[in-house]
Amino acid sequence: MKYVLRCLVLLVLITSCSKIEENNDPIIGIWKHTVKTATNTNKLVVDNEEWIFNDVYLGRFHGYKNGQVVYSTDFKWSVNNDIYMISYPGTDFPFDFIEMKETENGTILVRMEGKIFAAKQ
């Protein structure tokens, strides 16, 4: 009887596990931006920025100076009505609000005020 009860409990646990939803958002991947001024909006002295977006709404930001990583942090992202929000927990970075645009040169992310955020690699 104990064996049957254990098997029944195990069967209920296995079948009640939820399936992880597949995320095919077009933002997933690597996005880069060449900084035109020595200091970017986050007050970092970098010449290139890179965001790596993954499918579980997380990512990694790298700031480069002369090809070397000088800053690295994790970020969270979400999307609502085609507007992406990026937050940088544990930093004093402001939230980024961006949208995706198609151009003749490829896909880019644009800040809400119209400035280029990054280009898809």
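Are F53 and F75 buried or exposed? Select them: both F53 and F75 are buried (under 20% relative accessible area, with exposed meaning over 50% and partly exposed in between, for a 1.4 Å probe and protein chains only).

The model is predicted, so local features need pLDDT of at least 70 and side-chain atom pairs pLDDT 80 or more, while totals for chains, interfaces and linings use all residues. Residues are numbered from 1 along each chain as its sequence is written, and side-chain values use heavy atoms, leaving out hydrogens and water.

Stay with the two rings. The structure holds 13 aromatic pairs (Phe, Tyr or six-membered Trp rings with centres within 6.5 Å; planes under 30 degrees apart are stacked, over 60 edge-to-face, the rest tilted). The centres of F53 and F75 are 4.9 Å apart and their planes stand at 65°, so this pair is edge-to-face. F53 belongs to strand β2 (residues 48–53) and F75 to strand β4 (residues 68–80), so the pair ties together parts 22 residues apart in sequence. Strands here are DSSP runs of E, at least two residues, numbered from the N terminus.

Next, select W51, F53, Y57, F61, Y71, F75, W77, Y84, Y88, F93 and F117, which ring pairs link into a cluster.

Move to N81, in the loop between β4 and β5 (83–87). N81 is exposed, with a relative accessible area of 68%. Add E99: the C-alpha atoms of N81 and E99 are separated by 9.5 Å, and the two residues are 18 apart along the chain.

Finish at M112, in the loop between β7 (106–111) and β8 (116–120). M112 is partly exposed, at 41% relative accessible area.

Methods:
Helices (H or I, at least four residues) and strands (E, at least two) are DSSP runs, numbered from the N terminus.
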